[in-house]
Structures are given as structure tokens and as C-alpha cells.
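Student: I have a new model open and I'd like to learn how to read it. Could you walk me through it, feature by feature?

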Amino acid sequence: MFPFVRRRMYTSALPLVIVLLGVFLLARLTGDPTNLYLPESATEAQRAAFAEKNGFDQPILTQLIDYFKGVLHFDFGTSLRTGESASDMALRAFPATLQLAVTTMLLAIVGAVIIGCWAAYRPNSLADRFSSLLSMTAASIPDFWFAITGVWLFAVLLGVLPTSGTDGGLSWILPIATLMIRPLGVLTQVVRGAMVSALSAPYVRLARSKGASDFRVVSHHALRNAAAPALTVAGDLAVGLIKGAVVVEAIFGWPGIGKLMIDAILQRDFAVLQAAVLLTAVSIFVLNIAIDACYALLDARVREPAKV
Amino acid sequence: MSPAPRITTRRRALAVAIAGITVAATGCTVANSGHSGYDPNTLRIVLSQEPPTLEPCESSLTSTGIVVRSNITEPLIEREPDTGELQPLLSTGWRQTSPTEWTFDIRKGVTFSDGSPFTATDAAFAIDRAVNSELQCNVDGYVFGDEKLKLSAPNDTTLTVGTESPDPILPLRISFVEIVPRTTSTTEMVREPIGTGPYAIADWEYGQKLTLARNDRYWGAKPTFARAEYQWRSEGSVRAAMITNDETDIATSLGPEDGAGDLGVPFQNNETTALRMQAGEAPLNDIRVRQAINYSVNRTGIVKALFRGLGEPASQLIPKGVVGYNDQLALWPHDTEKAKQLVAEAKAAGVPVDRQIRLIGRTAQFPKISETIEVLQSEFTEIGLNVKIEMMDTAGQLQYQLRPFPENTGPYVLMIMHGNQAGDAAFTMDQYMLSNGPQSAYGTADFDRQIRAAEALTGQARQDAFAKLFAEEPQQIMQMAYIAHMKGILGKSPRVEYTPNSATGDEMRLSEMTVAQTARTDQS
């Protein structure tokens, strides 16, 4: 198991460097941040002094080398906007996103398993068609529209939920619902499809012939074998949640990494952007390794290299 | 058959471990953070963005100034928002003691929120730190430019400020400097300052909430609310929903379509929108084309249909109340036929009027900007010009707004929005009308001389000279097509009494907010 994880870590290092390089270069292609940070009436001398102070007067290659040197010493630079350490800002924001993403994913998986199994147990029934319609609708709704409509309906019109913020448990409902709707729709479809196949497999017929209850057939025999495709899709969706929390965090004032990144992009706050992207990339690599490890646990063929 | 149960056990153990690590790592830091319920002594405010810093010398930044100015820190002199008149604050009086020196009388009995006394030494320190230091303070560039000041405090209640050349509006410039104690760092900016204002910072949960508490040492009248709690939401519709849902008392920067309804209070702000024409390139280097663009703009229609009446069609770059405003200047007429005729004349004279012109706008600069840009494109196309829309984010648009302008761009017309916070036309003229002004695309040496001459005047002569320049600019230069003096919308709960003014967007004085006598909130 550990050699497997070690192999995956080695193979993840190169993409990580490429991501950092890409973000560094693309960010600088968007232009000089000087105009954003100095008053519109700043003189040319003041602009030159700002560029010199922050290293923007150096060639890109020099800036890149300095940045990678800093990264090797865990120095990710200072925010132009706040003057704080960029890594402190990213680390402070990350748990909020992680909390949101983990809770959302757990709820989406539980919901998808229940609805997917229910639909697959009676294929083409009214329940199946209803759940298919529901899941396809959920997978297609734009999250921005859903969030704003949710605020209008549940906060303004009905007054049962807060519009936004992080005060109390009720404030979690709309952000999680917005973030969950797409994964729930997609996962429900996947679980349903996998369960329909599994429930018609010979081992399920055998289990039934041995007198196993419906619940046991579904939960212990069919669902276990339907888990692999669901795990694959859930992994991709979980990665998407970490990346895609931007809209939810911006609308609901959730102080997470997505909002931090979008603010950093708009403000050309390169150090914060790079730190946030690095942290997100590392977490995605860790997540991918965890998913692969789960595969390895489920399937010995993945765990051990093929021997011929 | 023994391996199967073992794998199952390992899998379960892994799942439990991952769940445990996740909970431990996230630490439940977000849920319930700062939940305090409704408190009638707390004023709740929602802004469009978190202040990046509360450094007082950065208070020319809207997102910083709206919290800091006259709440946490105070200047020596404050400007009356609607008239621009200067009023005593930490300075009780001021006078010009020589052509290059002003003397300020410092108020006695004032202390900072940390208990240290305020004297002229602090005032000299704060101005020196903001203007002469290497901190690159926003207020330095915005108000003082390259100017260096000579400061001295001969005693605790007297401050003298020397300038390199005579400066008739030095007190106005000084009104932009927020005063901090002499113990403040001169090598680094501070995020959480000490000041003499009616409030002091109580708690700042970065990313979530900023709380100010009443400064019990405040020298002036005690403000009504014991605490002020700032939050921030980037979506205007969410800020408006917070007002209608009674989650906040004040919501800033709302648009007419955000849905605040009757709780949205319109107010005249300092901003004026205009199109700046880059007159260096054909066809915009021909004054007939620039005049045609002006004739084609239906200002009244834009204000009525797009801004829903939240604004006034503009004939100049400054609004009423700013020194130099010309109240006799009529709107440039909307005359499509005349515009077509001018374009045809220019074409006949060999001007390449069919060359593509870029119409550049900044996304979300003001409500309905996209629709405004589309209407303008349609109007320009109708008179025979070839116009392409380009919407950019702030950083992208600023490259075209500020010198040095990008090269080889082709002709472009830029949507700008100018706010004269100072209340004096010199700040506008220097920026947009001088031929080498940081935001000016075109000018003449003769007009530059007239601007400099006006800036040396004081009183009514100054007002008249600037008003004359605003009338002459379209005849001599025609760099701009003015659109509207804008209005903002402030969301206001019925429980709060407050009248927004033209400075509210930049400086929202909490001490002016009181509890409304006719309304109450029943939240608990």
C-alpha cells in the first residue's frame, strides 16, 4: 500500500510544478498591478518605486526564480492588498472551503445512494422516472441562478433562512444546497445505472434465492459492487467542489479559498493567488491519492503492478 | 475466506480515519463563528467588499475610507459633503501665515483611543508619515502628488505646514490626512490603527466580520450606537436581500435592480460618467468626429431608461457643489442628423471614419454599464462609425485610463467614471484636462496655461475661472462626451435615521446614524 502511495506522490510532483509555473506566467500576462494599488493620480516616479519595491521591474525569469526559491523555503510572499503573508491568508481560508466541500460531498453521496437505489430497485416505475427527472434537472441548473433564487425564496419571501453569512447552522443550508445540487444529480444517475446492472447480476439472483431480504440484497450485495463507478465520479465531483466553491463563497459571503482566489485575481494579488492555487492543487493531489488508495483497497489489481 | 473481512475492516478504519482527520483539520471554524444575535445597540452594515486594510493613509481607497474616515481616525479639518466647505475638527482654526506657510491651531483635550494625548506633534507626525515617508500612501499620490511638506510643532497646540510653492488650497489637501499617534510605524503600514475617532476597532475576524466599539475617550458627542458591525457581500442582490430580511441596517452600493424596494434610498454621489476620446488617432483626431459622437449620445434617454432616473444628464465632469461647477452650461444637444452630417463631412475630407473604434468599458463599474455601452455602440453605428465593444476588468481597463497609455491600440473611446472627493475642480483639471494629466488623452499648451492660472486663484475668482474653463473645453479640445452625474442607492433599515450625502460612498460617518423614533425591529 505505501509503495503505491509513494509512487503516486512522485508522479504528482511534476504536474504540481507545471501548475505553479502556469499560474505564475498567466497571472503576469494579465498586466501590471501597479494601477490597481496606486491612486489614479500617482506620478510616474511613484509607480516606478512601487514596481521596484514589489519586484515587478525585474525580468519575468528573475521573478520566477525568486518565487521558486521562496517556495522551497515555504515563503510564498506577501499580499499586495493586505500586507499579510500570502500563505497565512490561504491557510486561514482553506478550512472554510474544506468544511463546505466535505459536508456537501457526504450529503450528496448519501442522498444519491438513497435516491439511486430507490430508482434502480423498480426500474421504469413512476419513482424511477421522477428521480431521473429530478436528478437530471439538478445536474443542469446553474449554481448562480439556484443560489440567488434560493436567497429570494427562502430568505426574502419565506423568511425561514438567512440570506448569507456564517452565523449559525441555518446559514449552512443554502450554500450547501447550492453546492450539492449538481453532484447530487450526477451521482444519482451514476448510482442508479450501476445499481440496475448490479441488481440483474447472477450473484444477486443467487442471494435472493438463498432468502436474503431486499434490504440486504441491495445494501450488502448490489451496492458494494456498484460502488466503484460511483467512487470514480464522486472523486471527480469532489475535486470540482473545491475548485467550484467560488460562486457559492462569493454570493453567500463564505470566507473560503474560492473567494480568496477570485479576489486575488481581480486585484492582481499575485502572491495570494499563487499560494491559494498551490494549496488547492496540493489538496486535489492528496484527494486523488486518497481516491486511488480507495481503489487499491477495493481492487488488488490496482495495488500491485502486473507481473508477467 | 479470511482476507475479505480484513479488507472490510481496513476500509472501515480508513473511512473513519478520513472523516476524523477532516473534522479535526477543518476544526469547525466556520459554523457559528461570531454569532451574536440581534442587538439594538449594534449598528449592522454590509459593504460590497472587505477593507483590504484600515491603514489611515490609504483612506483615499473607497473600501478603506468608508470604514476608517471620521469613525476610527479623524483629520484636522473636515469637508462639508454637499457644499465642500471646510469645518474645524482636530484643528480649531487655520490661517496662511506666509505665501508658503499655513498655521493650524490644534484642539486641546483630545486623546487617542489608547489613552495617549493628541498634540501638534502627533499631527505633524501623521502628515509627515502620509506625505513625506516611503510608505507610498494612497493619499500622498492622490492629494499631494510630488509635493513635499515641511512640518513643525512649536508647541502642543500649534502646527505649521510649509510648502515648496504657494498653495491656496493646502487646508483642503490637509483634510484628506487622517491623524494617527506618533508611535505609529513609519516603515510599515498598519492594518488596525489607533485614532481619535468616535469608534475604535474591537475585533476583526478577517474574511468574516469587523466590529467597532464606541471610543469612551472620544472628545466629541457620544455616538448613538455602542457598536458597529461590518460584513461584506459582493452580490448587490444579496446585500439588498439582507436589508429586506432585516439582517442588516445599512447596505452600500446597491443598484436599482437589486431589489431593496422602498428601503433603498437614492442619493447624489460624487461620480460623473463620461466617454473619453483618444484624440491621437484617426478618426478621433478630427474634432468633427468627436463632436459627432457628442451629438449622438442621448444622455437624457440613458438616464431615464437605463438608470431609471438615478442620475442627471451631465454637461461637465464635476457635479454641482464642487468649486468650479458651471451652472450655466447647457447639455450638449442630442442631434443624430447633425452627427451624421459631421461624420459625412469628415469622410468627404478624407478622414477614415470607417476605421474600427474600440469602445472600452469596465465590467460592473456602475449599474447597467453593459447596457449603456451597447446603447452607445448602437448610436455611434447609426451615425456611420465602426465601433466594437470591449468590456474589461478593473486592471485591464485602467491600463487604458492611466498614463502611460498602451501603444499601437488603434483608436478607442473609454468609459470613465470620475469622482471628485475634494470638492475643488483643480483635482479634476489636473487629472483630465491638462495635456499631460495622468488621465488625460489630449490637450493644448494654451489650455494648460489657463488651468494653471485658475489654480492659483482663490474665492469667487477661482470659481469663475474654472467654470469658464469647463465651458471652453468642448470648444477648444472636446476630449469628453459627458453622460451623467450619477446617483447611488443606500439600503437603510427603518430603525436607523440617516441621510446619505455625496460623500457617503467614501466616508460613512457612523456618528450621524441614530435610532429612528418611529420604527423598531422585533428580532431577538
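Tutor: Sure. Keep in mind that this is a predicted model. Let's begin with the nonpolar cores. The largest one has 164 residues.

Student: Which residues have the most contacts inside that core?

Tutor: They are A:Ala90, A:Leu187, A:Val191, A:Met195, A:Val272 and A:Ala276. As for elements, α5(A) gives the largest share of this core, 17 residues.

Student: What does A:Ala90 touch, leaving out residues up to four places away in sequence?

Tutor: A:Ala90 touches A:Ile257, A:Leu260, A:Val272, A:Ala275, A:Ala276 and A:Leu279. Apart from that core lies another, of 32 residues, and B:Phe104, B:Phe118, B:Val139 and B:Tyr142 are among them.

Student: Let's look at chain A as a whole. How many helices and strands are there in it?

Tutor: Chain A has 13 helices and 0 strands. Its C-alpha atoms fill a box of roughly 85 × 65 × 30 Å along the principal axes. Of the 308 residues in chain A, 38% are buried. You can also ask how far apart in sequence the contacting residues are: among contacts in chain A with a separation of 6 or more, 71% link residues 24 or more positions apart.

Student: Now the place where the two chains meet. How do people usually give the size of an interface?

Tutor: Often as the accessible area lost when the parts come together. Here we can count residues instead: the contact takes 47 residues from chain A and 52 residues from chain B. On the side of chain A that touches chain B, the elements giving two or more residues are α2, α3, α5, α7, α10 and α12 of chain A. The largest share of that side, 7 residues, comes from α5(A). So α5(A) is a helix to remember, with the largest share of the 164-residue core too.

Student: What is that side of chain A made of, by class?

Tutor: By class, the side of chain A that touches chain B has 25 nonpolar, 17 polar and 5 charged residues.

Student: On to strands. What should I know about side chains in a regular strand?

Tutor: They alternate between the two faces of the sheet. In this model, have a look at strand β12 of chain B, residues 264-277: 11 of its 14 residues are buried, so the strand is largely enclosed by the rest of the structure.

Student: Which strands does β12(B) pair with?

Tutor: β12(B) pairs with β17 of chain B in the antiparallel sense, over 10 bridges. There, B:Gly264 has B:Gly491 as its bridge partner. β12(B) also pairs with β16 of chain B, again antiparallel, over 7 bridges. In that pairing, B:Arg276 is matched with B:Leu414.

Student: What about the backbone? What is the general rule there?

Tutor: Most residues other than glycine have a negative phi, and most peptide bonds are trans. Now for the exceptions. A cis peptide bond joins B:Ala282 and B:Pro283, with omega about 5 degrees, and B:Pro283 sits in the loop between β12 and α7 of chain B. Another cis bond joins B:Arg403 and B:Pro404, with omega about -5 degrees.

Student: Where do I find a positive phi outside glycine?

Tutor: Try A:Arg268, with a phi of about 50 degrees, in the loop between α11 and α12 of chain A. B:Ala364 has a phi of about 60 degrees.

Student: Are these two buried or partly exposed?

Tutor: A:Arg268 counts as buried because it has 25 C-beta neighbours inside 10 Å. B:Ala364 has 16 such neighbours, so it counts as partly exposed.

Terms used:
Residues are numbered from 1 along each chain as its sequence is written. Chains are lettered from A and ligands numbered from 1 in the order in which they are written. This is a predicted model: local features need pLDDT of at least 70, side-chain atom pairs count only at pLDDT 80 or more; totals for chains, interfaces and linings use all residues. A residue is buried if 20 or more other C-beta atoms lie within 10 Å of its own, exposed if 12 or fewer, and partly exposed in between; C-beta atoms are placed from the backbone. Helices (H or I, at least four residues) and strands (E, at least two) are DSSP runs, numbered from the N terminus. Two strands pair if DSSP finds at least two bridges between them. Two residues are in contact if their C-beta atoms, placed from the backbone, lie within 7 Å. Ala, Val, Leu, Ile, Met, Phe, Trp, Tyr, Cys and Pro count as nonpolar, Asp, Glu, Lys and Arg as charged, and the others, Gly among them, as polar. A nonpolar core is a set of buried Ala, Val, Leu, Ile, Met, Phe, Trp, Tyr and Cys residues joined through C-beta atoms within 7 Å.
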